[in-house]
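Please look at the sequence and the structure below, and keep both in view while you read. The paragraphs that follow move from one residue to the next, so that each can be found in turn.

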Amino acid sequence: MRHRIKKILLPILMLTGIISLGFSVQAAGEAVGFGSESYRWELDVPAQIGVYAYSDQPVETAELYVHYNAEFLEYSSGGELVEPGTIHVTVGDGNSIEAGTLLELIPRKPGSTAVTIASTNVKNIMGEDVTVSEASVAVDVPDADGNVPVIAAPENEEMESAEESTKVEDSKEEKDSALDHEEKQKETEKQEGKKEHSVQSWKKWIVPGIAALSVLILMGMIFAMMKKYRHASAKKKKRTVRKKVKKQSEFAEDDLSKPEKLEELEAFDFIEEKEIEIAVKNVTMEFKRTKDEATSMKELFVRSAKHQNKVEKFKALDNVSFTIRKGEVVGIIGTNGSGKSTILKIISGALTPTSGTVEVDRDKIQLLTLGTGFDFELTGRENVYLNGAVIGYTKEFIDEKYDDIVKFAELEGFMEQKVRNYSSGMVSRLGFAIATMRDTPEILILDEVLSVGDMFFRKKSEARIKEMIKSGSTVLIVSHSTSVIRSNCTKAIWIEKGVLKDIGTPAEVCRAYEKMNS
Amino acid sequence: MTKKEKRRQYTFVIKELVSREIKRKYARSYLGIAWSVLNPLLSMIVITLIFSHMFHRAIENYPVYYLTGSVIWHMFTSGTNAAMTTLVDNKNMLIKVRLPMEIFVLARICTALVNLGYSLIPYIGILIVFRIQITWSVLLYPLIIFFALLFSTGVAFILSIAYVFFGDVKHLYSVLLTLWMYCSALFYPVEMLPEYVKRVVVENPLFNYINCARRVMMWGQLPTFPEILRMVLWGVGMFVVGYLVFEKNKNKVMQKM
């Protein structure tokens, strides 16, 4: 089983991991740039320069402002002239990840200058709107001799000053310095890029971080569960082994001692020849309670890591055996928390005992419960059907008995109202009426439900119960009232702190019980 | 009781429980059950307002695209969320009445199915409004829903057991659901994703159901063979696994209660 869980959970885990990682990849590929790394244009000849916006998703629109030095260059075509020195271009069609256009400029003066794209908004079709930092490219325009005089790039003041300091008269040196300038420019670009990159990479790690964390939590949970599982299965194995051994010895014992045992019990029976309806054999019920139990994952995790999960065993029933014969009305008596309700749950099949067996035809059993599953937001009528269905009535049966139920509960005229508006007496009357409207089952189990409602209804309900009891079925009543047991039962069983204390006639057992308590 | 009678009785119980859930859900609202019809419509309008402009190139009939996915997604989330707490909610009934525990989980899942039925009303309306070509492939839709339901039931079985032991599961699951939703391509086109994310989304069983539904309802196509295979395997596999986990832990749940 553990392996099975492991097999299932691992792929799920991995899947969540992969998925979350996948989502961490952000669109961080927006940039602007030029068609070439540098340009060398001839004087007075129209030259073209490509300006581009890039994204990792198709670019919806990008508005570019291209700056140039109007002293050296003259705008010809390709965009929209805002003022001499600034061109406005809108690019992007939503289909391509690279959107751009060609601008035409005419060099008017020899020298070294630059064209810059100012910081720009790039909007891709995912709806991301990213501001991209600027980019620039060097443009050299040689004079008639083929030399490039050094002139400031107007947009970058820093560069201007840097350039100024390197201003030299010699044309050759001038050329060098121009190259120098170019390099410097590239360097600053690089640095900027790096800064941007580091910010993005930092952002990039947030989501995977969270994903990894959640995966860790998940894994912790699974680990804790598996641990719990391992304990349980190991114990189970032991238990089954023990059970087998026990069963074998029981069989051996049974062959020899059964007659005696039964005789012992039968001494108290009034109807000796009737067949056994319920046989409870060596039933032990152990509840495992973790000492102040971990109710949250964190606690459980911390504890299982520290091996602090102390399991406290609590025996609700300890080796209890008895038999009930057909037609007997058996009262089970005991103080609060002595295991009476537990034995009923085991007999009715709601709980499986830790060891021992109960032999009974579970289909015959009906546990009489009042108002189980009542929903206060529904009307009386709807609750009759809901409650009836839950306690095992068929639809036809409820249809047939509906009027009787309403009549017995004395709720004519209230059935279309919400149960929320009922008084508590009305609710219990309705519950009682539904629960007792059945054909008497072969084995009836009553758990302290004998008296509900006001004095008049109580009389009616007690009469109903007595009728059911007397109709010949086997009845199990749980109560801590000795008078209920004395007046209704033919046999009494006293369970105290999970141990079977006494079986016998109601009178005897009740006397003993009262003696102990007084 | 014979087996047949039992089955009939359990169906009746589930029916009653489902009708309780539905009546209860809208017990205090004025419009009542009409909300089951209105809800998908309203959420469709909201999502369309926000996203349709963004994806209008990639997705034709955006509202239909969204609604096809969201009805299935909603069935899954509402079913599993409700079923997760069902054992704890019905603790009283579990202890007192001898009913198989599965019934409570199944009842909540069936409630989700009934709600899906209601949301099909606006869905069909939208299909007509957008003049979607209906082809024979539509007949496959119930089958897709069936396997999606099977898948949900399997998940619900596991969650309901887990919730008995750890209340935290509820919160953890809601986080997981958010992640899961974004991986199900409810309101964006899958083509837009980078290749490796796309691969993950395609492997997502819920996306698979949603995509199959889109194929048969919107595009008049049949699901491809791998899609059908995934659909069946995830549905049946999850159900079997969930059921086994549930069966194994039944007794422990009773003890815990």
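Does Asn336(A) count as buried or exposed? Before answering, keep in mind that the structure shown is a predicted model. Asn336(A) counts as exposed, because its relative accessibility is 64% and the cut-off for this class is over 50%. To find this residue in chain A, look at the loop between strand 15 (329-333) and helix 6 (340-348). From there, the eye can go on to His480(A), which is 144 residues apart from Asn336(A) in sequence, although the two C-alpha atoms are 7.8 Å apart in space.

The next topic is charge. Side chains of opposite charge can pair when their charged atoms come close. A search of the whole structure, taking in all chains, finds 17 salt bridges. One of them is in chain A, where the side chains of Arg108(A) and Glu74(A) meet with a distance of 2.7 Å from N to O. This pair links distant parts of the chain, since Arg108(A) sits in the loop between strand 8 (98-107) and strand 9 (111-117), while Glu74(A) belongs to strand 5 (residues 73-77), and the two are 34 residues apart. Arg108(A) counts as partly exposed because its relative accessibility is 39%, and Glu74(A) also counts as partly exposed, with a value of 36%.

In chain B, a salt bridge joins Glu102(B) and Lys250(B), whose closest N and O atoms are 3.2 Å apart. Glu102(B) lies in helix 6 (residues 102-129) and Lys250(B) in helix 11 (residues 225-256), so this pair ties together parts of chain B that are 148 residues apart in sequence. The two partners should be considered one by one: Glu102(B) counts as buried because its relative accessibility is 11%, whereas Lys250(B), at 23%, counts as partly exposed.

Helix 11 of chain B also holds Glu227(B), and this residue pairs with Arg215(B) in helix 10, so that parts 12 residues apart in sequence are tied together. The closest N and O atoms of this salt bridge are 2.8 Å apart, and the side chains of Arg215(B) and Glu227(B) are also listed as making a polar contact at 2.8 Å. Glu227(B) counts as buried because its relative accessibility is 8%, and Arg215(B) counts as buried at 18%, for the cut-off is under 20%. Arg215(B) is found within residues 205-219, the span of helix 10. If neighbours within four places in sequence are left aside, the residues in contact with Arg215(B) are Gly220(B), Gln221(B), Leu222(B), Pro223(B), Thr224(B) and Glu227(B).

Which residues form a nonpolar patch on the surface? They are Leu42(B), Ile45(B), Val46(B), Leu49(B) and Ile50(B), and together they have about 480 Å² of accessible area. Leu42(B), one of these residues, is found in helix 2 (residues 34-55) of chain B. Leu42(B) is partly exposed because its relative accessible area is 40%, a value that can be set beside the 64% of Asn336(A), the exposed residue with which this walk began.

Methods. Residues are numbered from 1 along each chain as its sequence is written. Chains are lettered from A and ligands numbered from 1 in the order in which they are written. This is a predicted model: local features need pLDDT of at least 70, side-chain atom pairs count only at pLDDT 80 or more; totals for chains, interfaces and linings use all residues. Side-chain values use heavy atoms; hydrogens and water are left out. Helices (H or I, at least four residues) and strands (E, at least two) are DSSP runs, numbered from the N terminus. A polar contact is a pair of N or O atoms within 3.5 Å; within protein, one must be able to donate a hydrogen and the other to accept it, and residues adjacent in sequence count only if both atoms are side-chain atoms. Contact means heavy atoms within 4.5 Å. Buried means under 20% relative accessible area, exposed over 50%, partly exposed in between (1.4 Å probe, protein chains only). A salt bridge is a side-chain nitrogen of Lys or Arg within 4 Å of a carboxyl oxygen of Asp or Glu. Patches are made of residues with over 30% relative accessible area and no salt bridge: like charges are joined within 9 Å, nonpolar side chains (Val, Leu, Ile, Met, Phe, Trp, Tyr) within 5 Å. Accessible areas come from the Shrake-Rupley method with a 1.4 Å probe; for residues, only the protein chains shown count as cover.
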